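Welcome! Open your viewer, switch to a cartoon view, and follow along one selection at a time.

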Amino acid sequence: MTTLLALPLLLVVLVGVLELGALRAVAYRAAAAADLATLVAVGDQDQIELARSGNLRLAADAADTARDYFARNLSATAPALAASATAIAASADIASFPTAPSFDPRTGVRYERPTVRLIALVPVKTPGFAALLMPAVTTLTIRSTSSPR
Amino acid sequence: MKKCTAILLMSIALLSSISANAREPLDDESLPLPPPPVPDPVAFVVPPGVYYVTDTYVADVVATSDATTTYSTTTVHESTGTYARVIDNVSTGASSAFDGMAFNGRGALTDGQALAGTYYENFVLTAGGYVPVSIVFFQDDSETKRRQTGSSSAAATKAAATSGAAVTSAQPVTSAPVTSAQPVTSAQPVTSAQPGSIIAPPPSSKPQAPIEPVGPTLRAGISLAPDGPTLASAEVLRGRLVQFWPRVFVNDVAVPIQSWRLLSAQPDHISANAGSTQPLTAQWIRMPAPGVSWSLRFEIFSLVAPTERLEAQIAITVRSPALVD
């Protein structure tokens, strides 16, 4: 009798744990996609500035490069997302700070090196939560910042 | 139905709860205290009117066209990471509390009146907030001489804004160092020069003593482009191929080189140890140890003086992309 009564509760706990685990996995993959995108973006040096002053300045299209690679990397997680990878990357807040020191007005952080910063909202399907009367889509906030050191 | 199910499940969960037999942790078991909160940089006191600098002071310019002499300031569109604000606007002849405080000074018209212009205060953003570092004066004035009378009196008039004008033969007459800014070369696009203008000496310039002729001076250097400026140091990304051009100058005029040879180097890959007209191509894969600086040292012979051995050196800083916490 006790088992019969506890079974629904166990099912609820099981569904919640599985959904949370899946959500964590998607979050890790999205964070890795963002990290790799910003790393690629800061790996491109402005050759004209290098020849002129010898200083490292990021390429002018560093933010576009980060956005492009973020969409590509995120496409591997597309089945779990509630929006297309391209749309998520297009709406991401990606800022390039080609020279240093610089000040990020959004985060309040001061960068000592040329930096690319990415902040993206990633909507993830959570059908398990929906079965528990919770939102069917959970939005994750992904942040990544890279700089040549 | 779903609500009823949820209420039922919640009731079962609450009714079947038991005590957890928890206890208070001992003092030595408690987690370490979190670090004190870092003050938010945006909470710093921001001086009123401060803005991010996108155009950097280069030099004062005095240009004469017909009977009009224009006093202006050249800038270069470049962000140096500093901040600035306007602290005073002064008209011709008017005194200011900041006179004598600007690193580039405040010039005067031919009749001795101080120039009109604007004083700016420069700041750098540190962990402690905005720190003032210098004051610069942007002169913006003009005067017209009366030719018929030959009088030395001049009518000073406020100069019109000249931003965006094309670069002409006007040259900076002063070379005051640019504080909190990177070195600016003559290849930079400059603004606020007058078309067809010529150079007039600054009012405060002294008569120059005759310069005795000297022999040609040879200088060697390393540049990162065939016609680029010679550099003392360069920041390169790990894994990238970078070309280094040994160059020789006679009285600051580039001359062809005969040969070069690498005397010391630490690149992981180099195209050659010696060469003539071809540059050295180098690549760094490994990162230097902390506190260790790398450099490339060249021995260079030029066609102008084939027997004279010249040396040039460039310091290398290898950087690698990394995530920021």
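Before the first stop, a word on vocabulary: the helices and strands on this tour are DSSP runs, at least four residues long for a helix and at least two for a strand, numbered from the N terminus. Keep in mind too that this is a predicted model.

**Stop 1: chain A from end to end**

Select chain A and colour it by secondary structure. You should find 5 helices and 5 strands. Starting at the N terminus, follow the order α-α-α-α-β-β-β-β-α-β. Chain A has 149 residues, and 40% of them count as buried. Now think about contacts between residues at least 6 apart in sequence: in chain A, 61% of these join residues at least 24 apart.

**Stop 2: the largest nonpolar core**

Next, show the side chains of A:A37, A:A66, A:F70 and A:L118. Within the largest nonpolar core, which has 29 residues, these four touch the most other members. The elements α1 (2–41), α3 (62–74), α4 (85–91) and β4 (115–125) of chain A each supply at least two residues of this core. The top contributor is α1(A), with 8 residues. As a general background, nonpolar side chains tend to be buried together in soluble globular proteins.

Zoom in on A:A66. Which residues is A:A66 in contact with, leaving aside its neighbours within four places in sequence? They are A:A37, A:T38, A:A41, A:I94, A:V116 and A:L118.

Then select A:A51, B:V236, B:I300 and B:V318. These belong to a second, separate core of 26 residues.

**Stop 3: where the chains touch**

Show both chains in separate colours and look at the contact between them. Chain A brings 32 residues to this contact and chain B brings 29. On the chain B side, α1 (2–15), β11 (233–237) and β20 (321–323) each supply at least two residues. The largest share, 5 residues, is from α1(B). Colour the chain B side by residue type and you will see 17 nonpolar, 7 polar and 5 charged residues.

Now find a place where strands from the two chains meet. Strand β5 (residues 137–148) of chain A pairs with β20(B) in the antiparallel sense, over 3 bridges. To land right on the pairing, select A:S146 and its bridge partner B:L323 in β20(B).

**Stop 4: a strand with two faces**

Move to strand β17 (residues 280–283) of chain B. Which residues are on its covered face, and which on its uncovered one? B:L280 and B:A282 make up the covered face, while B:T281 and B:Q283 make up the uncovered one. In a regular strand, side chains alternate between the two faces of the sheet.

Look for the partners of β17(B). Strand β12 (residues 241–250) of chain B pairs with β17(B) in the antiparallel sense over 4 bridges, and B:Q243 has B:T281 as its bridge partner. Strand β15 (residues 269–270) of chain B also runs antiparallel to β17(B), joined by 2 bridges. Here, B:H269 is matched with B:Q283 as bridge partner.

**Stop 5: an open sheet in chain B**

For the last stop, select β1, β4, β5 and β6 of chain B. They form an open sheet of 4 strands in the order β1-β4-β5-β6, with antiparallel pairing. The edges are β1 (51–52) and β6 (129–139); each has a single partner strand, so one side of each is left without a neighbour in the sheet. Finish on strand β5 (residues 117–126), which pairs with β6(B) in the antiparallel sense over 10 bridges. Select B:T118 and you can pick out its bridge partner in β6(B), B:F138.

Technical notes. Residues are numbered from 1 along each chain as its sequence is written. Chains are lettered from A and ligands numbered from 1 in the order in which they are written. This is a predicted model: local features need pLDDT of at least 70, side-chain atom pairs count only at pLDDT 80 or more; totals for chains, interfaces and linings use all residues. Two residues are in contact if their C-beta atoms, placed from the backbone, lie within 7 Å. Ala, Val, Leu, Ile, Met, Phe, Trp, Tyr, Cys and Pro count as nonpolar, Asp, Glu, Lys and Arg as charged, and the others, Gly among them, as polar. Two strands pair if DSSP finds at least two bridges between them. A residue is buried if 20 or more other C-beta atoms lie within 10 Å of its own, exposed if 12 or fewer, and partly exposed in between; C-beta atoms are placed from the backbone. A nonpolar core is a set of buried Ala, Val, Leu, Ile, Met, Phe, Trp, Tyr and Cys residues joined through C-beta atoms within 7 Å.
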